[in-house]
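Colleague: I have a few "how do you know that" questions about this one. Can you put the structure up and talk me through the terms?

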Amino acid sequence: MAWAEVPVDTKPPAAGAVLLTGIPGSGKSTVAAALAARFAASAHIEVDALQELIVSGGRWPSPDPDEEADRQIFLRARNACLLADSFVAAGFLPVIDDVVVRRAHLDFYRATLTAGPLHRVILVPGAEKARERNLARDKRLTTDWSFLETAMRDELADEKIWIHSAALTVDETVDAVLSATGLTPTVS
């Protein structure tokens, strides 16, 4: 059997991308995977997994000043956008999950993701609920990041889609994301 070049991109492309954000413990990864599962062609881009691709020299975010860790936050965002642009062009709806609490970080996503509209959704279960979730999961955080909620509320106050998810199930949260973004599931 001879291999032939197969076109990767589709016409039309996907209807943009979703950036699902919130503080650690807000449910980003769980909701992103469930949201992506509602579409016939989708991808879940977990930005923490991109950080884990760094074999040597990786620096995770820290509450202490760390210029290299800050640089890597933008590196992984750039890589998430490159992946998302590629998936959009190929007809897959990318759902990115990342902790984005600063205006400069969100503006970087807006400027770097170019393949379609970026639907920005902020999950807000509240700092106490996020802390409770962090303590209950297998993935142990070395820092209590709930203080980021204040920065997020201050810097991203003008963002349109805030979903207060403390009392919602995963499916109810996904329904709220779909309603707020206007995206229509296409599971076949």
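Colleague: What makes β3 largely enclosed by the rest of the structure?

Modeller: Buried is under 20% relative accessible area, exposed is over 50%, and partly exposed lies in between, with a 1.4 Å probe and protein chains only. Six of the six residues of β3 are buried, so the strand counts as largely enclosed. Both faces are covered: Leu93, Val95 and Asp97 are buried on one side, and Pro94, Ile96 and Asp98 on the other. Mind that this is a predicted model, where local features need pLDDT of at least 70 and side-chain atom pairs pLDDT 80 or more, while totals for chains, interfaces and linings use all residues. Numbering runs from 1 along each chain as its sequence is written, and side-chain values use heavy atoms, without hydrogens or water.

Colleague: How do you know which strands pair with β3?

Modeller: Strands (E, at least two residues) and helices (H or I, at least four) are DSSP runs numbered from the N terminus, and two strands pair if DSSP finds at least two bridges between them. β1 (residues 17–21) has four bridges to β3 and β2 has five, so both pass that cut-off. Both pairings are parallel. Leu20 stands opposite Asp97, and Ile45 has Ile96 as its bridge partner.

Colleague: What makes β2 and β5 edge strands?

Modeller: Each pairs on one side only. The order in this open sheet of five strands is β2-β3-β1-β4-β5, with parallel pairing. β5 (162–163) is joined to β4 (118–123) by two bridges, with Leu123 opposite Ile163. Helix α3 (residues 67–89) packs on the sheet and touches β2 and β3, where contact means heavy atoms within 4.5 Å.

Colleague: Which side chains of β2 are buried, and which are not?

Modeller: They alternate: Ala43 and Ile45 point to one face and are buried, whereas Ser42, His44 and Glu46 point to the other and are not.

Colleague: Why say that the buried residues of α1 are on the same side?

Modeller: Those residues are Lys28, Val31, Ala32, Leu35 and Ala36, in a helix spanning 28–37. They cover an arc of only 130° around the axis, which puts them on the same side of α1; the arc is that of the directions from the helix axis to the C-beta atoms. The buried residues of α1 pack against β1, β2, β3, β4 and α7 (170–181).

Colleague: Why is Gly182 called exposed?

Modeller: Its relative accessibility is 55%, so Gly182 counts as exposed. Gly182 sits in the segment after α7. From His119 it is 63 residues away in sequence and 9.4 Å in space, C-alpha to C-alpha.

Colleague: What makes the space lined by Leu19, Thr21, Leu106, Arg120, Ile122, Leu156 and Glu159 a cavity?

Modeller: A cavity is a set of points on a 1 Å grid over the protein atoms alone where a 1.4 Å probe fits but cannot get out; lining residues have an atom within 4 Å of a point. The structure holds one cavity of 30 Å³ or more, and the largest takes up about 30 Å³. β1 and β4 are the elements that give two or more residues to its lining.

Methods: Axes fitted to C-alpha atoms, helices over the stretch in contact; angles between N-to-C directions. 1 Å grid on protein atoms, 1.4 Å probe; cavity = no way out; pocket = protein on both sides within 12 Å on 5 of 7 lines; lining within 4 Å. Points joined across faces, edges and corners; volume = space filled by probe spheres on them.
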